[in-house]
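Good morning, everyone, and thank you for making room for me today. Please have the sequence and the model open while I speak, and stop me whenever a term is unfamiliar.

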Amino acid sequence: MEGFSEFLAGIDDPFHRERTEEVLTWIKNKYPNLNTEIKWKQPMFTDHGTFIIGFSVSKKHLAVAPESVTITHVEDDIVKAGYDYTKELIRIPWNGPVDYNLLEKMIEFNILDKANCSTFWRK
């Protein structure tokens, strides 16, 4: 996958690699206008130079980082999905389903909310 090949190749567990690629490909296909970038050794999507959503891989989960404002905005949906989360990230367990509706809600919120944002992170 364009921009993420090296990152994906570095994921040792084949199931984790496949699941991560599936999520990243879904986002790239659904939001072709977003840019793919690797920053801080993590795959992320940006729009006009501002951060939209990023991911990291751990032994037990795929971590989603949409910024704390976004987590607060979709907190009820995170709880409904049954995901563990903190102020800065959401943990999607490897052994459970990916809630693509939740991902869509977060991405669309960030695209709209940051439409006029001129910085990488919200201030």
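I will go through some charged pairs, then a pair of helices, and then a few single residues.

Before anything else, please keep in mind that this is a predicted model, and that every value I quote has been computed from it.

Let me begin with the salt bridges. How many salt bridges does a search of the whole structure find? The search finds 7 of them, and I will talk about some of these in turn.

One of them joins the side chains of Lys-30 and Glu-104, with a nitrogen-to-oxygen distance of 3.5 Å. If you look for the two partners along the sequence, you will find Lys-30 in helix H2, which covers residues 14-30, and Glu-104 in helix H5, which covers residues 100-113. The two are 74 residues apart, and the pair therefore links distant parts of the chain. As for their surroundings, Lys-30 is partly exposed at a relative accessible area of 38%, and Glu-104 is also classed as partly exposed, with a value of 22%. For Glu-104, the class follows because buried would require a value under 20%, and 22% does not meet that cut-off.

Another salt bridge is formed by Lys-114 and Glu-67, whose closest N and O atoms are 2.8 Å apart. Lys-114 sits in the segment after H5, while Glu-67 sits in the loop between strand E4 (61-65) and helix H3 (68-73), so this pair ties together parts of the chain that are 47 residues apart in sequence. Are these two residues buried or exposed? Both Lys-114 and Glu-67 are buried.

Next comes the salt bridge between the side chains of Arg-122 and Asp-113, where the distance from N to O is 2.9 Å. Here the two partners fall into separate classes, since Arg-122 counts as buried at 18% relative accessibility, whereas Asp-113 is partly exposed at 43%. When we put this pair beside the previous one, we find that salt bridges with shared partners join Glu-67, Asp-113, Lys-114 and Arg-122 into one network.

Let me now turn to how two of the helices are packed. In general, two packed helices are described by the angle between their axes and the distance between the axes. For H2 and H5, the axes come within 12 Å and cross at roughly 50°, which makes H2 oblique to H5. The crossing in which H2 passes H5 is right-handed.

Which residues make this contact? On the H2 side they are Glu-22, Val-23, Trp-26, Ile-27 and Lys-30, and on the H5 side they are Tyr-100, Leu-103, Glu-104 and Ile-107. Sorted by type, the residues of this contact comprise 6 nonpolar, no polar and 3 charged ones. You will recognise Lys-30 and Glu-104 in that list, and these are the two residues whose side chains meet in the salt bridge at 3.5 Å.

Staying with H5 for a moment, I would like you to find Asn-110, which lies in that helix. Asn-110 counts as buried, because its relative accessibility is 0%. If we leave aside its neighbours within four places in sequence, Asn-110 is in contact with Ile-52, Pro-66, Thr-70 and Arg-122. Arg-122, as you may remember, is the partner of Asp-113 in a salt bridge.

My next topic is the backbone. Most residues other than glycine have a negative phi. With that in mind, please look at Trp-40, in the loop between strand E1 (35-39) and strand E2 (42-47), where phi is near 55°, a positive value in a residue other than glycine. Lys-41 lies in the loop between E1 and E2 as well, and its phi, near 60°, is again positive in a residue that is not glycine. Both count as exposed, Trp-40 at 57% relative accessibility and Lys-41 at 73%.

Finally, let me mention two residues from the earlier part of the chain. Pro-14, in helix H2, is exposed with a relative accessible area of 53%, and its C-alpha atom is separated by 21 Å from that of Tyr-100, a residue 86 places away along the chain. Ser-5, in helix H1 (residues 5-9), is partly exposed at 42%, and the C-alpha atoms of Ser-5 and Ser-68, which are 63 residues apart along the chain, are separated by 28 Å.

Thank you for listening, and I am happy to take questions.

Terms used
Residues are numbered from 1 along each chain as its sequence is written. This is a predicted model: local features need pLDDT of at least 70, side-chain atom pairs count only at pLDDT 80 or more; totals for chains, interfaces and linings use all residues. Side-chain values use heavy atoms; hydrogens and water are left out. A salt bridge is a side-chain nitrogen of Lys or Arg within 4 Å of a carboxyl oxygen of Asp or Glu. Helices (H or I, at least four residues) and strands (E, at least two) are DSSP runs, numbered from the N terminus. Buried means under 20% relative accessible area, exposed over 50%, partly exposed in between (1.4 Å probe, protein chains only). Axes are lines fitted to C-alpha atoms, for helices over the stretch in contact, and angles run from 0 to 180 degrees between N-to-C directions. Angles under 35 degrees count as roughly parallel, over 145 as roughly antiparallel, 65 to 115 as roughly perpendicular and the rest as oblique. A crossing is left-handed if the near helix is turned anticlockwise from the far one by less than a right angle, and right-handed if clockwise. Contact means heavy atoms within 4.5 Å. Ala, Val, Leu, Ile, Met, Phe, Trp, Tyr, Cys and Pro count as nonpolar, Asp, Glu, Lys and Arg as charged, and the others, Gly among them, as polar.
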